[in-house]
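Got your viewer open and a cartoon view ready? Let's walk through this one stop by stop.

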Amino acid sequence: MKYKSNTGFTHAQKDKIGVLITNLGTPESPTATALRPYLKEFLSDPRVVEVPRAIWWFVLNLIILNTRPKKSAEAYATVWTDEGSPLLSITKAQSKALEARCKTEYGDDVVVDYAMRYGNPSVSSVIDNMLAKGVRKLVVLPLYPQYCASTTGSTFDAVAADFTKRRWLPELRFVNNYHDRDSYITALANKVKAHWSTHGKAQKLVLSYHGIPKRYLMNGDPYHCECHKTSRLLAEKLGLAHDEYMTTFQSRFGREEWLTPYTDETMKSLPDKGVKSIQVMCPGFSADCLETIEEIGEENREYFMEAGGEKYEYIPALNSDDEHMDVIFDIVKENLHGWQLGGENALRADLARALGATK
(Lines give C-alpha, C1' and ligand atoms only; values in the text may rest on other atoms or scores of the structure.)
Protein backbone atom coordinates (compact mmCIF):
# COMPACT_ATOMS: atom_id res chain seq x y z
CA MET A 1 0.00 0.00 0.00
CA LYS A 2 1.26 3.48 -0.87
CA TYR A 3 0.86 5.91 2.02
CA LYS A 4 0.22 9.61 1.52
CA SER A 5 2.96 12.04 2.47
CA ASN A 6 2.33 15.55 3.73
CA THR A 7 2.38 17.89 0.74
CA GLY A 8 4.45 21.05 1.04
CA PHE A 9 6.46 19.80 4.00
CA THR A 10 9.82 21.39 4.78
CA HIS A 11 11.97 20.74 7.84
CA ALA A 12 11.94 24.46 8.59
CA GLN A 13 8.14 24.56 8.65
CA LYS A 14 6.66 25.81 11.89
CA ASP A 15 4.68 23.12 13.73
CA LYS A 16 1.08 24.12 14.35
CA ILE A 17 -2.04 22.85 16.09
CA GLY A 18 -5.20 22.29 14.09
CA VAL A 19 -8.81 22.67 15.20
CA LEU A 20 -11.32 21.00 12.91
CA ILE A 21 -15.04 21.49 13.45
CA THR A 22 -17.42 19.27 11.50
CA ASN A 23 -21.09 18.92 10.71
CA LEU A 24 -23.24 16.51 8.76
CA GLY A 25 -23.10 17.88 5.24
CA THR A 26 -25.06 19.31 2.36
CA PRO A 27 -25.61 18.71 -1.36
CA GLU A 28 -23.92 21.02 -3.86
CA SER A 29 -27.25 22.43 -5.03
CA PRO A 30 -30.99 21.94 -4.41
CA THR A 31 -31.46 19.64 -7.40
CA ALA A 32 -32.22 15.96 -7.76
CA THR A 33 -28.96 15.56 -9.68
CA ALA A 34 -26.96 16.94 -6.75
CA LEU A 35 -29.02 15.13 -4.11
CA ARG A 36 -28.43 11.68 -5.55
CA PRO A 37 -24.65 11.41 -4.85
CA TYR A 38 -25.07 13.19 -1.52
CA LEU A 39 -27.81 10.82 -0.35
CA LYS A 40 -25.88 7.83 -1.65
CA GLU A 41 -22.82 8.78 0.39
CA PHE A 42 -24.90 9.51 3.47
CA LEU A 43 -27.16 6.46 3.34
CA SER A 44 -24.32 4.11 2.38
CA ASP A 45 -22.64 4.76 5.73
CA PRO A 46 -23.14 1.62 7.87
CA ARG A 47 -23.15 3.85 10.97
CA VAL A 48 -26.27 5.57 9.66
CA VAL A 49 -28.13 2.51 8.41
CA GLU A 50 -27.32 -0.68 10.32
CA VAL A 51 -28.77 -3.16 7.87
CA PRO A 52 -26.97 -6.08 6.15
CA ARG A 53 -25.08 -4.50 3.27
CA ALA A 54 -26.33 -6.79 0.49
CA ILE A 55 -29.98 -6.14 1.36
CA TRP A 56 -29.46 -2.43 1.84
CA TRP A 57 -27.61 -2.06 -1.48
CA PHE A 58 -30.71 -3.14 -3.37
CA VAL A 59 -33.06 -0.99 -1.28
CA LEU A 60 -30.85 2.08 -1.58
CA ASN A 61 -29.90 1.87 -5.24
CA LEU A 62 -33.07 0.45 -6.73
CA ILE A 63 -35.71 2.24 -4.63
CA ILE A 64 -34.53 5.15 -2.48
CA LEU A 65 -32.13 6.78 -4.93
CA ASN A 66 -34.77 6.62 -7.64
CA THR A 67 -37.47 8.33 -5.58
CA ARG A 68 -36.06 10.39 -2.72
CA PRO A 69 -33.67 12.83 -4.51
CA LYS A 70 -36.50 14.75 -6.22
CA LYS A 71 -38.51 15.11 -3.02
CA SER A 72 -35.43 16.13 -1.00
CA ALA A 73 -34.41 18.63 -3.67
CA GLU A 74 -37.80 20.33 -3.46
CA ALA A 75 -37.39 20.67 0.30
CA TYR A 76 -33.84 22.03 0.00
CA ALA A 77 -35.00 24.58 -2.57
CA THR A 78 -37.24 26.19 0.06
CA VAL A 79 -34.30 26.91 2.41
CA TRP A 80 -31.48 27.55 -0.10
CA THR A 81 -29.75 30.94 0.05
CA ASP A 82 -27.32 32.90 -2.11
CA GLU A 83 -24.53 31.40 0.02
CA GLY A 84 -25.78 27.86 -0.48
CA SER A 85 -27.41 25.70 2.16
CA PRO A 86 -27.96 27.27 5.59
CA LEU A 87 -25.90 24.53 7.25
CA LEU A 88 -22.90 25.33 5.05
CA SER A 89 -23.08 29.11 5.45
CA ILE A 90 -23.59 28.89 9.21
CA THR A 91 -20.74 26.41 9.65
CA LYS A 92 -18.48 28.77 7.69
CA ALA A 93 -19.49 31.60 10.03
CA GLN A 94 -18.84 29.38 13.06
CA SER A 95 -15.39 28.52 11.73
CA LYS A 96 -14.52 32.17 11.18
CA ALA A 97 -15.75 33.14 14.64
CA LEU A 98 -13.72 30.34 16.24
CA GLU A 99 -10.68 31.26 14.16
CA ALA A 100 -10.87 34.86 15.39
CA ARG A 101 -10.98 33.72 19.01
CA CYS A 102 -8.06 31.35 18.52
CA LYS A 103 -6.01 34.02 16.77
CA THR A 104 -6.56 36.44 19.65
CA GLU A 105 -5.51 33.79 22.18
CA TYR A 106 -2.78 31.91 20.29
CA GLY A 107 -1.72 34.06 17.36
CA ASP A 108 -0.81 32.05 14.25
CA ASP A 109 0.00 28.84 16.13
CA VAL A 110 -3.52 27.41 15.70
CA VAL A 111 -5.13 26.62 12.35
CA VAL A 112 -8.95 26.47 12.34
CA ASP A 113 -11.04 24.92 9.58
CA TYR A 114 -14.34 23.11 9.01
CA ALA A 115 -15.45 20.02 7.11
CA MET A 116 -18.61 18.11 6.28
CA ARG A 117 -18.97 14.40 6.99
CA TYR A 118 -20.81 13.97 3.68
CA GLY A 119 -20.32 16.19 0.67
CA ASN A 120 -17.82 19.05 0.58
CA PRO A 121 -15.52 20.22 1.98
CA SER A 122 -14.72 16.62 2.88
CA VAL A 123 -12.94 15.59 6.07
CA SER A 124 -10.03 14.14 4.11
CA SER A 125 -9.50 17.21 1.91
CA VAL A 126 -9.50 19.56 4.90
CA ILE A 127 -7.08 17.38 6.87
CA ASP A 128 -4.83 17.45 3.78
CA ASN A 129 -4.86 21.26 3.79
CA MET A 130 -4.23 21.48 7.53
CA LEU A 131 -1.27 19.11 7.45
CA ALA A 132 0.20 21.05 4.52
CA LYS A 133 0.12 24.13 6.75
CA GLY A 134 2.21 22.37 9.39
CA VAL A 135 -0.46 20.93 11.68
CA ARG A 136 1.14 18.22 13.82
CA LYS A 137 -1.51 18.07 16.54
CA LEU A 138 -5.22 18.03 15.74
CA VAL A 139 -8.40 18.58 17.74
CA VAL A 140 -11.57 17.36 16.03
CA LEU A 141 -14.83 18.75 17.37
CA PRO A 142 -18.01 17.40 15.74
CA LEU A 143 -20.74 19.95 16.34
CA TYR A 144 -23.17 17.39 17.74
CA PRO A 145 -23.83 18.19 21.42
CA GLN A 146 -25.18 14.69 22.10
CA TYR A 147 -23.06 11.68 21.15
CA CYS A 148 -24.57 9.29 18.63
CA ALA A 149 -22.83 6.53 16.72
CA SER A 150 -24.60 7.69 13.55
CA THR A 151 -23.11 11.19 13.77
CA THR A 152 -20.18 11.54 16.17
CA GLY A 153 -19.09 7.94 15.70
CA SER A 154 -19.29 8.29 11.94
CA THR A 155 -17.16 11.41 12.05
CA PHE A 156 -14.48 9.50 13.94
CA ASP A 157 -14.69 6.80 11.26
CA ALA A 158 -14.00 9.39 8.56
CA VAL A 159 -10.97 10.77 10.43
CA ALA A 160 -9.66 7.28 11.18
CA ALA A 161 -10.15 6.16 7.56
CA ASP A 162 -8.11 9.14 6.41
CA PHE A 163 -5.36 8.39 8.93
CA THR A 164 -5.02 4.79 7.76
CA LYS A 165 -3.78 6.15 4.42
CA ARG A 166 -1.18 8.55 5.83
CA ARG A 167 2.47 7.99 6.53
CA TRP A 168 2.90 10.67 9.21
CA LEU A 169 -0.04 10.96 11.58
CA PRO A 170 -0.81 14.04 13.65
CA GLU A 171 -1.47 13.62 17.36
CA LEU A 172 -5.24 13.46 17.77
CA ARG A 173 -7.80 14.63 20.32
CA PHE A 174 -11.45 13.97 19.56
CA VAL A 175 -14.41 15.57 21.37
CA ASN A 176 -17.28 13.12 21.89
CA ASN A 177 -20.02 15.40 23.22
CA TYR A 178 -20.91 18.45 25.28
CA HIS A 179 -24.59 17.75 25.98
CA ASP A 180 -24.44 18.54 29.70
CA ARG A 181 -21.86 21.29 29.71
CA ASP A 182 -23.17 24.12 31.87
CA SER A 183 -22.14 26.91 29.48
CA TYR A 184 -23.92 25.13 26.61
CA ILE A 185 -27.09 24.70 28.69
CA THR A 186 -26.86 28.37 29.72
CA ALA A 187 -26.51 29.47 26.09
CA LEU A 188 -29.65 27.48 25.20
CA ALA A 189 -31.52 28.96 28.16
CA ASN A 190 -30.51 32.50 27.25
CA LYS A 191 -31.71 31.93 23.69
CA VAL A 192 -35.11 30.84 25.02
CA LYS A 193 -35.28 33.76 27.46
CA ALA A 194 -34.46 36.22 24.68
CA HIS A 195 -37.31 34.78 22.65
CA TRP A 196 -39.66 35.00 25.62
CA SER A 197 -38.75 38.63 26.19
CA THR A 198 -39.96 39.47 22.68
CA HIS A 199 -42.77 36.98 22.06
CA GLY A 200 -43.90 35.95 25.51
CA LYS A 201 -44.01 32.42 26.92
CA ALA A 202 -46.09 29.65 25.35
CA GLN A 203 -47.96 26.91 27.21
CA LYS A 204 -45.28 24.36 26.42
CA LEU A 205 -41.68 24.27 25.23
CA VAL A 206 -41.11 21.32 22.88
CA LEU A 207 -37.50 20.17 22.59
CA SER A 208 -37.16 18.24 19.34
CA TYR A 209 -34.07 16.13 18.57
CA HIS A 210 -33.19 14.18 15.46
CA GLY A 211 -34.41 10.63 15.84
CA ILE A 212 -32.61 7.31 15.45
CA PRO A 213 -34.01 3.76 15.32
CA LYS A 214 -34.97 2.50 18.77
CA ARG A 215 -32.85 -0.56 18.00
CA TYR A 216 -29.70 1.59 18.25
CA LEU A 217 -30.67 2.60 21.79
CA MET A 218 -31.29 -1.02 22.75
CA ASN A 219 -27.87 -1.90 21.36
CA GLY A 220 -26.18 0.59 23.67
CA ASP A 221 -26.15 3.99 21.94
CA PRO A 222 -26.24 6.74 24.64
CA TYR A 223 -27.90 9.34 22.39
CA HIS A 224 -31.41 8.98 23.82
CA CYS A 225 -30.18 9.43 27.39
CA GLU A 226 -28.01 12.42 26.51
CA CYS A 227 -30.92 14.15 24.76
CA HIS A 228 -33.11 13.73 27.81
CA LYS A 229 -30.35 15.00 30.08
CA THR A 230 -29.97 18.12 27.96
CA SER A 231 -33.73 18.69 28.15
CA ARG A 232 -33.81 18.19 31.91
CA LEU A 233 -30.89 20.56 32.55
CA LEU A 234 -32.36 23.19 30.24
CA ALA A 235 -35.75 22.97 31.92
CA GLU A 236 -34.09 23.36 35.32
CA LYS A 237 -32.16 26.38 34.09
CA LEU A 238 -35.40 27.92 32.82
CA GLY A 239 -37.37 27.01 35.94
CA LEU A 240 -39.91 24.97 33.98
CA ALA A 241 -42.25 22.53 35.65
CA HIS A 242 -42.42 18.99 34.31
CA ASP A 243 -45.64 19.68 32.38
CA GLU A 244 -44.26 22.85 30.77
CA TYR A 245 -41.82 21.10 28.46
CA MET A 246 -41.38 17.82 26.62
CA THR A 247 -38.78 15.97 24.54
CA THR A 248 -39.64 14.61 21.10
CA PHE A 249 -37.77 13.07 18.15
CA GLN A 250 -38.08 14.07 14.51
CA SER A 251 -36.96 13.05 11.00
CA ARG A 252 -37.69 9.34 11.18
CA PHE A 253 -37.07 7.31 8.06
CA GLY A 254 -38.26 3.85 7.08
CA ARG A 255 -40.75 1.52 8.75
CA GLU A 256 -39.06 0.36 11.95
CA GLU A 257 -39.72 1.98 15.32
CA TRP A 258 -37.61 5.03 16.13
CA LEU A 259 -37.19 6.96 19.36
CA THR A 260 -40.51 8.26 20.62
CA PRO A 261 -42.55 10.35 21.00
CA TYR A 262 -42.39 11.43 17.36
CA THR A 263 -42.38 15.19 16.84
CA ASP A 264 -44.91 15.18 13.99
CA GLU A 265 -47.43 13.00 15.82
CA THR A 266 -46.99 15.14 18.93
CA MET A 267 -47.84 18.28 16.95
CA LYS A 268 -51.01 16.66 15.66
CA SER A 269 -52.13 15.56 19.12
CA LEU A 270 -51.29 18.50 21.41
CA PRO A 271 -54.25 20.77 20.52
CA ASP A 272 -56.75 18.04 21.48
CA LYS A 273 -55.03 17.90 24.87
CA GLY A 274 -55.64 21.60 25.44
CA VAL A 275 -52.19 22.82 24.38
CA LYS A 276 -52.89 25.66 21.97
CA SER A 277 -49.58 27.54 22.06
CA ILE A 278 -46.09 26.04 21.82
CA GLN A 279 -42.53 27.07 21.18
CA VAL A 280 -40.14 24.56 19.62
CA MET A 281 -36.37 24.38 20.02
CA CYS A 282 -33.90 21.83 18.63
CA PRO A 283 -31.02 21.54 21.13
CA GLY A 284 -29.33 18.75 19.17
CA PHE A 285 -28.68 21.00 16.17
CA SER A 286 -25.74 23.40 16.48
CA ALA A 287 -26.75 25.11 13.23
CA ASP A 288 -30.06 25.66 11.51
CA CYS A 289 -30.55 23.43 8.49
CA LEU A 290 -33.22 21.69 6.44
CA GLU A 291 -34.44 19.70 9.45
CA THR A 292 -34.99 22.78 11.57
CA ILE A 293 -35.99 25.46 9.07
CA GLU A 294 -38.27 23.39 6.84
CA GLU A 295 -39.24 20.36 8.91
CA ILE A 296 -39.77 22.16 12.22
CA GLY A 297 -40.34 25.71 11.06
CA GLU A 298 -42.84 24.87 8.32
CA GLU A 299 -44.00 21.25 8.12
CA ASN A 300 -44.65 20.70 11.82
CA ARG A 301 -46.15 24.16 12.15
CA GLU A 302 -48.78 23.09 9.63
CA TYR A 303 -49.51 19.88 11.57
CA PHE A 304 -50.02 21.84 14.79
CA MET A 305 -52.13 24.64 13.34
CA GLU A 306 -54.30 22.31 11.26
CA ALA A 307 -54.97 20.25 14.40
CA GLY A 308 -56.37 23.31 16.17
CA GLY A 309 -53.25 25.04 17.52
CA GLU A 310 -53.23 28.81 17.80
CA LYS A 311 -49.60 29.82 18.34
CA TYR A 312 -46.52 28.03 17.04
CA GLU A 313 -43.01 29.51 17.18
CA TYR A 314 -39.63 28.04 16.31
CA ILE A 315 -36.69 29.25 18.40
CA PRO A 316 -33.58 29.22 16.16
CA ALA A 317 -30.45 27.18 16.86
CA LEU A 318 -27.45 28.76 18.55
CA ASN A 319 -25.72 29.05 15.17
CA SER A 320 -22.79 31.50 15.26
CA ASP A 321 -24.15 33.52 18.20
CA ASP A 322 -21.33 34.96 20.30
CA GLU A 323 -22.35 33.02 23.40
CA HIS A 324 -22.39 29.75 21.44
CA MET A 325 -18.97 30.42 19.95
CA ASP A 326 -17.63 31.19 23.42
CA VAL A 327 -18.82 27.73 24.48
CA ILE A 328 -17.09 26.09 21.51
CA PHE A 329 -13.91 28.07 22.11
CA ASP A 330 -13.82 26.98 25.75
CA ILE A 331 -14.11 23.34 24.66
CA VAL A 332 -11.24 23.87 22.24
CA LYS A 333 -9.07 25.53 24.89
CA GLU A 334 -9.58 22.61 27.26
CA ASN A 335 -8.49 20.20 24.56
CA LEU A 336 -5.42 22.24 23.71
CA HIS A 337 -4.26 22.08 27.31
CA GLY A 338 -0.79 20.60 27.68
CA TRP A 339 0.12 20.88 24.02
CA GLN A 340 3.16 23.01 23.31
CA LEU A 341 2.43 25.77 20.86
CA GLY A 342 4.67 27.22 18.19
CA GLY A 343 8.41 26.83 18.05
CA GLU A 344 10.59 27.57 15.04
CA ASN A 345 12.32 24.62 13.47
CA ALA A 346 15.54 26.24 12.26
CA LEU A 347 17.69 23.75 14.16
CA ARG A 348 15.70 20.82 12.79
CA ALA A 349 16.12 22.20 9.28
CA ASP A 350 19.89 22.66 9.68
CA LEU A 351 20.30 19.10 10.98
CA ALA A 352 18.13 17.69 8.21
CA ARG A 353 20.11 19.50 5.53
CA ALA A 354 23.35 18.27 7.05
CA LEU A 355 22.02 14.73 6.62
CA GLY A 356 21.15 15.36 2.99
CA ALA A 357 17.54 16.57 3.14
CA THR A 358 16.51 18.77 0.24
CA LYS A 359 13.50 20.41 1.90
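The tour below goes from a sheet to a covered helix, then to the surface and some unusual backbone spots. Keep in mind that this is a predicted model.

**Stop 1: the open sheet**

Select β5, β6, β7 and β8. You should see an open sheet of 4 strands, paired in parallel and ordered β6-β5-β7-β8. Now look at the edges: β6 (245–250) and β8 (311–315) each have a single partner strand, so one side of each has no neighbour in the sheet. Tilt the view and you can follow the twist, which averages 25° from one strand to the next.

Zoom in on residues 277–281, which make up β7; 5 bridges tie this strand to β8, and the two run parallel. Show side chains here. Which residue in β8 stands opposite methionine 281? That is isoleucine 315. Valine 280, in turn, faces tyrosine 314 in β8.

Next, bring in the helices. Helix α6 (residues 182–199) lies across β7 and β8, and runs at about 140° to β8. Add helix α8 (residues 223–238), which packs on the sheet and touches β5 (204–210), β6 and β7. The direction of α8 makes about 150° with that of β6. Is β8 mostly covered or mostly open? Mostly covered: 4 of its 5 residues are buried.

**Stop 2: a helix under cover**

Select residues 149–163 for helix α5, where 11 of the 15 residues are buried. Among the buried ones are Gly153, Ala158, Val159, Asp162 and Phe163. To see what covers them, switch on the surroundings: the cover includes the strands β1 (16–26), β2 (110–119), β3 (135–142) and β4 (171–174), along with the helices α4 (123–132) and α7 (214–218).

**Stop 3: out to the surface**

Colour Trp57, Phe58, Leu62 and Ile63 and turn on the surface. These four form a nonpolar patch there, with about 460 Å² of accessible area together. Pick leucine 62, which belongs to helix α2 (residues 53–77). Leucine 62 has a relative accessible area of 52%, so it counts as exposed.

Then click arginine 36, in helix α1 (residues 32–43). Its relative accessibility is 33%, which makes it partly exposed. Leaving aside residues up to four places away in sequence, arginine 36 touches Asn61, Leu65, Asn66 and Pro69. Try a distance label too: from its C-alpha to that of leucine 20, 16 residues apart along the chain, you get 27 Å.

**Stop 4: backbone oddities**

Some background for this last stop: most peptide bonds are trans, and most residues other than glycine have a negative phi.

Go to the loop between β2 and α4, where proline 121 sits. The bond joining asparagine 120 to proline 121 is cis, with omega about -5°. For another cis bond, select threonine 260 and proline 261, where omega is near 0°. Proline 261 lies in the loop between β6 and α9 (263–269).

Stay in that loop between β6 and α9 and pick serine 251. What is phi here? Near 65°, a positive value in a residue that isn't glycine. Serine 251 is at 16% relative accessibility, so it counts as buried.

Finish at asparagine 319, in the loop between β8 and α11 (322–336). Asparagine 319 also has a positive phi, about 50°, without being a glycine. With a relative accessible area of 13%, asparagine 319 is buried.

Conventions: Residues are numbered from 1 along each chain as its sequence is written. This is a predicted model: local features need pLDDT of at least 70, side-chain atom pairs count only at pLDDT 80 or more; totals for chains, interfaces and linings use all residues. Side-chain values use heavy atoms; hydrogens and water are left out. Patches are made of residues with over 30% relative accessible area and no salt bridge: like charges are joined within 9 Å, nonpolar side chains (Val, Leu, Ile, Met, Phe, Trp, Tyr) within 5 Å. Accessible areas come from the Shrake-Rupley method with a 1.4 Å probe; for residues, only the protein chains shown count as cover. A salt bridge is a side-chain nitrogen of Lys or Arg within 4 Å of a carboxyl oxygen of Asp or Glu. Buried means under 20% relative accessible area, exposed over 50%, partly exposed in between (1.4 Å probe, protein chains only). Two strands pair if DSSP finds at least two bridges between them. Axes are lines fitted to C-alpha atoms, for helices over the stretch in contact, and angles run from 0 to 180 degrees between N-to-C directions. Contact means heavy atoms within 4.5 Å.
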